[in-house]
Amino acid sequence: MGPTQKPNVCRQLSRRALGFFSRDAGVVQRTNLGILRALVCQESTKFKNVWTTHSKSPIAYERGRIYFDNYRCCVSSVASEPRKLYEMPKCSKSEKIEDALLWECPVGEILPNPSDYKSSLIALTAHNWLFRISATTGKVLEKIYLASYCKFRYLSWDTPQEVIAVKSAQNKGTVLARQAGIQQPVLLYLAVFHVLPFSLIGILEINKKIFGNVTDATLSHGILIVMYSSGLVRLYSFQAITEQFMQQKLDLGCACRWGGTAGTVGEAPFGIPCNIKITDTPPLLFEVSSLENAFQIGGHPWHYIITPNKKKQKGVFHICALKDNSLNENLPTVTASGRVVKKNVNLLDDDPEQETFKIVDYEDELDLLSVVAVTQIDAEGKAHLDFHCNEYGTLLKSIPLVESWDVTYSHEVYFDRDLVLHIEQKPSRVFSCYVYQMVCDPGEEETTNRSCEKE
């Protein structure tokens with residue numbers, strides 16, 4: 001695809017000020033993001049490493065906020081220097097936050113409290129409490145005690161910004177039971193809630209007596225996904241399961257008697273009983289075999305993405321029609337990032353003179369594909385972040401990362417509008433965070449046109 005004319009940012013800003021886009025808020029937003037995209041990709045724009053920090057505990061990033069010390073400390077990444085938003089009181093190891101999700105206010109809904117219109121952090125603690133925490137102050141706004149009969153460990157969205165799933169650790173049983181060959185029938189539990197205000201849908205047990213020798217299970221978009229060591233993936237309707245197998249409807253904050261014990265649902269020490277127990281195999285929606293249980297579903301009409309269940313096929317994905325399992329010949333193979341590959345690409349992992357692609361991601365607001373490429377020079381690796389046109393694959397921008405890149409370490413790289421953030425985990429649980437911000441140099445003028453510059 002040949003070069004196309006770059007959008008004139010000054011002209012776009014003038015048209016916006018004169019109200020050319022005022023009839024449609026979506027048009028205004030797209031115009032703003034188009035302006036930002038042009039600024040990000042222009043030649044004179046640089047990304048400068050504005051600050052670096054290190055920590056003995058994991059570092060997490062979510063929408064302009066960097067979390068330290070198991071989410072206890074929150075720092076804004078927007079400023080040129082770190083600005084602490086809040087720091088929660090110190091707590092014991094048993095009370096630390098183990099996982100968290102960022103909830104943002106829904107559009108067009110009437111909420112019970114003024115604080116509900118601001119972003120919140122939904123946090124799961126090591127001692128089985130579910131908190132809703134103000135994302136700006138760190139104040140605990142709501143709390144629910146889950147249960148004492150299992151250890152909850154993971155948070156995920158079932159329906160983004162609407163329904164959460166809290167998954168327990170897998171039940172391995174006691175050492176003596178395992179030595180005696182006694183298997184625990186219940187593999188794990190899934191607690192499902194509507195958010196803001198919290199309302200309980202139910203807690204479901206995944207029982208091997210019903211599902212067989214299952215190795216894992218999760219919930220996504222109302223679908224219960226059950227996985228097996230053979231690579232088999234089975235899908236069931238969660239709604240159908242709740243309608244058929246819910247023993248009793250439970251409401252948070254209400255009195256309840258369960259198994260000879262009385263208490264308040266969601267309060268300690270009673271917690272929430274497991275009220276969805278499957279007693280017979282539920283109707284199967286769909287099943288497929290995939291390497292390492294890799295499976296995604298979506299699109300219109302419905303398609304799913306799998307990896308052929310052979311070790312040599314690792315890293316290769318097939319797009320198939322849900323209605324008849326046929327392989328889409330027009331889109332035969334995609335990469336691990338979900339991008340379609342129309343030609344053969346070799347990752348030269350074993351050749352230190354060549355670049356290796358380590359992380360591929362998609363920035364949906366700017367419609368850019370970001371790729372981290374690493375070159376190993378002697379004992380030190382150097383990386384750069386490349387921005388590609390999502391439509392044509394054209395390279396639009398390359399950002400060198402100043403820190404060295406050790407391929408044996410764990411890395412995460414985030415590109416969020418005008419921010420690039422690199423989180424690195426070194427041996428002995430040493431975590432480093434490198435923050436880059438966009439800087440426009442007015443002294444330099446872009447002289448070349450890049451293709452796929454969108455208005």
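**Figure 1. Two spans annotated in UniProt as transmembrane region.** The unreviewed UniProt entry lists residues 186-206 and residues 218-236 under "transmembrane region". The model shown in this and the following figures is predicted. In the model, residues 186-206 are 0% helix and 81% strand. The C-alpha atoms at the two ends of residues 186-206 are 6 Å apart. Residues 218-236 are 0% helix and 74% strand, and the C-alpha atoms at the ends of this span lie 11 Å apart.

**Figure 2. Overview of the protein chain.** The protein chain holds 5 helices and 29 strands. Of its 455 residues, 43% are buried. Among contacts with a separation of 6 or more, 47% are made by residues 24 or more positions apart. The accessible surface of the chain is about 24500 Å², and carbon and sulfur atoms account for 51% of that surface.

**Figure 3. The largest nonpolar core and the surroundings of Phe152.** This core has 30 residues, and the members that touch the most others are Leu130, Phe152, Ile164, Val166 and Phe193. Two or more residues each come from strands S6 (97-103), S7 (120-125), S10 (152-159), S11 (163-168), S12 (186-194) and S13 (199-207). S12 contributes the most, with 4 residues. Leaving aside residues up to four places away in sequence, phenylalanine 152 touches Glu98, Leu124, Thr125, Asn128, Leu146, Ala147, Val166, Lys167, Ser168, Tyr189, Ala191 and Ile203. A second core, separate from this one, has 24 residues, including Ile210, Leu219, Phe238 and Ile276.

**Figure 4. The open sheet S14-S15-S16-S19 and helix H5.** Four strands in the order S14-S15-S16-S19 make up this open sheet, with antiparallel pairing. Strand S14 (214-220) and S19 are the edge strands; each has a single partner strand, so one side of each lacks a neighbour in the sheet. From one strand to the next the twist averages 20°. Within the sheet, strand S15 (residues 223-228) and strand S16 (residues 232-237) are antiparallel and joined by 5 bridges. Isoleucine 223 is opposite serine 237 in S16. Helix H5 (residues 238-245) lies across S14, S15 and S16, and runs at about 60° to S16.

**Figure 5. The cis peptide bond before Pro269.** Most peptide bonds are trans. The bond between alanine 268 and proline 269 is cis, with omega about 0°. Proline 269 is located in the loop between strand S18 (261-264) and strand S19 (286-289).

**Figure 6. The open sheet S2-S3-S4-S5 and the loop with Tyr71.** This open sheet has 4 strands in the order S2-S3-S4-S5, and the pairing is antiparallel. Strand S2 (60-62) and strand S5 (83-87) are at the edges, each pairing on one side only. On average, neighbouring strands of the sheet are turned by 25° against each other, direction ignored. S3 and S4 are linked by 4 bridges in the antiparallel sense, and phenylalanine 68 is opposite cysteine 73 in S4. Tyrosine 71 sits in the loop between strand S3 (65-68) and strand S4 (73-76). Its phi is near 70°, a positive value in a residue other than glycine. Tyrosine 71 counts as buried because its relative accessible area of 17% is under the 20% cut-off.

**Figure 7. Strand S29 with its partners S1 and S28.** Strand S1 (residues 45-55) and strand S29 (residues 430-440) run antiparallel and are joined by 10 bridges. Here lysine 46 is opposite valine 439 in S29. Strand S28 (residues 419-426) also pairs with S29 in the antiparallel sense, over 8 bridges. In this pair, glutamine 425 is opposite phenylalanine 431 in S29.

**Figure 8. The hairpin of S28 and S29.** The hairpin has 3 residues between its strands, and serine 428 takes a positive phi near 60°. Arginine 429 is in the loop between S28 and S29. Its phi, near 55°, is positive in a residue other than glycine. Most residues other than glycine have a negative phi. Arginine 429 is partly exposed, with a relative accessible area of 46%.

Conventions. Residues numbered from 1 in each chain as written. Predicted model: local features only at pLDDT ≥ 70, side-chain atom pairs only at ≥ 80, totals over all residues. Heavy atoms only, no water. Pairing = 2+ DSSP bridges. Buried < 20%, exposed > 50% of the residue type's maximum accessible area, 1.4 Å probe, protein only. Axes fitted to C-alpha atoms, helices over the stretch in contact; angles between N-to-C directions. UniProt positions renumbered as here; feature names shortened; annotations may be inferred. Contact = heavy atoms within 4.5 Å. Areas by Shrake-Rupley, 256 points an atom, 1.4 Å probe, with all protein chains shown as cover. Core = buried A, V, L, I, M, F, W, Y, C linked by side-chain atoms within 4.5 Å.
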